[in-house]
Amino acid sequence: MANNEESNPLLSPEVKDELKKPNKRVISSAAGAIPAAFPMGWTADGLPMGHGVVGETNRRQWDSGLCACFGRNDEFCSSDIEVCLLGMAPCVLYGSNAERLGSAPGTFANHCLLYTGLYMLGQSFFGSNCVAPCFTYPTRTAIRRKFNLEGSCEALNRSCGCCGSFVEDEVQREQCESACDFATHFFCHPCALCQEGRELRRRLPHPGFNAQQVVVMIPPGDQTMGR
């Protein structure tokens, strides 16, 4: 197995030299083998990043805070107010966010109806909307990974130095961030949906605006021969 990996033409000379060294743990990937000694990170799509893979390791902050209901006074101000009003109808806002994130036919209707069912289930058995947030938090995780945004653990570490041990280890950091995504949706569900809606509207156009350009051919008018 090691000989096949050393002869892989996709591997760089530095990686081949590392593979020849003894007692070196190797991580297999689609492009070949990556030595475990190389620093691992996460790409913008949420995939592990190794040596030779171009990606961003410095994550960006969210465009607006969790409690910034009306966003900022910029060109998206009217969209932020729309998101805030849609927060009173979370099934519609969740379906709209999923539609922008997925951009697949029927995404809005499927997610909106699913959320409505979970909302009614929570209201019937528990008297509150406590069931739907347990199933909607992966959307926040997908947004955070897609746009390479920092999570709650990194924000706490940046502001007050907490959670330093979790941030240093990539696997533990991602597990901690997923747990924070769940907690954010469960305890601050309307605010989380609004923050995600503002972020998506600033980064992704509505799928209905992605129509292909149509070229219309206009025939020439009647022409007469001059004398």
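Let's start at T184: apart from its neighbours within four places in sequence, this residue is in contact with L66, R140, S152, H189 and A192. Keep in mind as you click around that the model is predicted. T184 is found in helix 9, which spans residues 170-187. Is T184 buried or exposed? With a relative accessible area of 13%, T184 is buried, because the cut-off for that label is under 20%. Its side chain also has a partner in the backbone: it reaches the backbone oxygen of C180 at 2.7 Å.

Next, have a look at helix 3, residues 77-86, where the buried residues are S79, D80, V83 and L86. They cover an arc of only 120° around the axis, so they end up on the same side of helix 3. What does that buried set pack against? The partners are helix 4 (90-102) and helix 10 (189-203). Swing the view round to the face of helix 3 turned away from its buried side, and you'll find the exposed residues S78 and L85 there.

Finally, the cysteines. A disulfide is a covalent bond between the sulfur atoms of two cysteines. How many disulfides does a search of the whole structure find? The count is 0. Take C191 as a case: the closest cysteine sulfur to its own sits in C67, 4.9 Å away. That is too far for a bond, because a disulfide needs the two sulfur atoms within 2.5 Å. As for its surroundings, C191 has 27% relative accessibility, so it counts as partly exposed.

How values were computed
Residues are numbered from 1 along each chain as its sequence is written. This is a predicted model: local features need pLDDT of at least 70, side-chain atom pairs count only at pLDDT 80 or more; totals for chains, interfaces and linings use all residues. Side-chain values use heavy atoms; hydrogens and water are left out. Buried means under 20% relative accessible area, exposed over 50%, partly exposed in between (1.4 Å probe, protein chains only). Helices (H or I, at least four residues) and strands (E, at least two) are DSSP runs, numbered from the N terminus. The arc is that of the directions from the helix axis to the C-beta atoms. Contact means heavy atoms within 4.5 Å. A polar contact is a pair of N or O atoms within 3.5 Å; within protein, one must be able to donate a hydrogen and the other to accept it, and residues adjacent in sequence count only if both atoms are side-chain atoms.
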